[in-house]
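Please look through the sequence and the model below, and then follow the explanation one element at a time.

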Amino acid sequence: MTQRNTIQKELVLDAVNHLHNHATADEVYEFIQATHSHISKGTVYRNLNCLAEEGKIRKLEIPNGPDRFDHICSTHYHIHCCKCGRVFDVDMEEVSDLRDKVKDKHGFNFLNYDIMFQGICPDCQKK
Ligand SMILES: [Zn+2]
Ligand SMILES: [Zn+2]
């Protein structure tokens, strides 16, 4: 990996950490544009996916919406606002024996799971 690539990757990681809000790739791109206007959208997208593969950030796939990127990689649950599309962390402890409770008929060895609740956020409820 070249020096330039490393710097770009760090910029993208910093942006996700700074935005702190499960940002979309476009939001990360806009944030970086403000200070580093030479970085292309393709570079931002590529680095986001790369960081997610490396486990440095978490990629959240949103039904009917763009992927979002989370700086918190430990297990936690999310709620997606169906109106504005924002994603929030759910404030609760991890259900520790959830995996053991899930029964499998197909012989799977469970590796991972994502829980995404759907709802309407307080801001959208006011509208
Ligand atoms: Zn909302
Ligand atoms: Zn989160």
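T24 has its bridge partner in strand β3, namely R68, and the model in which this pairing appears is a predicted one. The pair belongs to a connection of two bridges that joins β1 to β3, and these two strands run antiparallel. Strands of a sheet pair through backbone hydrogen bonds, and they may do so either parallel or antiparallel. Here the sheet is an open one of three strands in the order β1-β3-β2, with antiparallel pairing. Because β1 and β2 (58–60) stand at the edges and each has a single partner strand, one side of each is left without a neighbour in the sheet.

With this sheet in mind, it helps to step back to the whole chain. The chain contains five helices and six strands, and when it is read along the sequence these follow the pattern α-β-α-α-β-β-β-β-α-β-α. Its C-alpha atoms fill a box of roughly 50 × 45 × 25 Å, taken along the principal axes, and 17% of its 127 residues count as buried. Among the contacts between residues at least 6 apart in sequence, 50% join residues at least 24 apart.

The chain is divided into domain 1, which covers residues 3–70, and domain 2, which covers residues 78–126. The C-alpha centres of the two domains lie 22 Å apart, and five residues of domain 1 are in contact with four residues of domain 2. On the side of domain 1 that touches domain 2, there are two nonpolar, two polar and one charged residues.

Helix α2 (residues 25–35) shows how buried and exposed residues can be arranged on one element. Its buried residues are A25, V28, Y29 and I32, and since they fall within an arc of 100° when seen down the axis of α2, they line one face of the helix. The spacing fits a general rule: an α-helix has 3.6 residues a turn, so residues three or four places apart point the same way. On the other side of α2, D26 and A34 are exposed. The cover over the buried residues of α2 includes α1 (3–19), β1 (23–24), α3 (41–53) and β3 (68–70), and β1 and β3 are the two strands joined by the bridges described at the start.

A second open sheet of three strands has the order β5-β4-β6, and its pairing is mixed. In this sheet β5 (87–89) and β6 (116–119) stand at the edges, each with a single partner strand, so one side of each is left without a neighbour. The twist averages 30° from one strand to the next. Strand β4 (residues 78–81) is joined to β5 by three bridges, and the two run antiparallel; within this connection, H80 has V87 of β5 as its bridge partner.

Which residues does I62 contact, once its neighbours within four places in sequence are left aside? They are D67, R68, H80 and V87, and this list includes R68, the bridge partner of T24, together with H80 and V87, which are bridge partners of each other. I62 itself lies in the loop between β2 and β3, and it counts as partly exposed because it has 16 C-beta neighbours inside 10 Å. Although I62 and H80 are 18 residues apart along the chain, their C-alpha atoms are separated by 8.0 Å.

Technical notes
Residues numbered from 1 in each chain as written. Chains lettered and ligands numbered in written order. Predicted model: local features only at pLDDT ≥ 70, side-chain atom pairs only at ≥ 80, totals over all residues. Pairing = 2+ DSSP bridges. Helix = DSSP H or I, 4+ residues; strand = E, 2+ residues; numbered from the N terminus. Axes fitted to C-alpha atoms, helices over the stretch in contact; angles between N-to-C directions. Buried ≥ 20, exposed ≤ 12 C-beta atoms within 10 Å, placed from the backbone. Contact = placed C-beta atoms within 7 Å. Arc of directions from axis to C-beta. Domains from an automatic or database assignment. Nonpolar A, V, L, I, M, F, W, Y, C, P; charged D, E, K, R; others polar.
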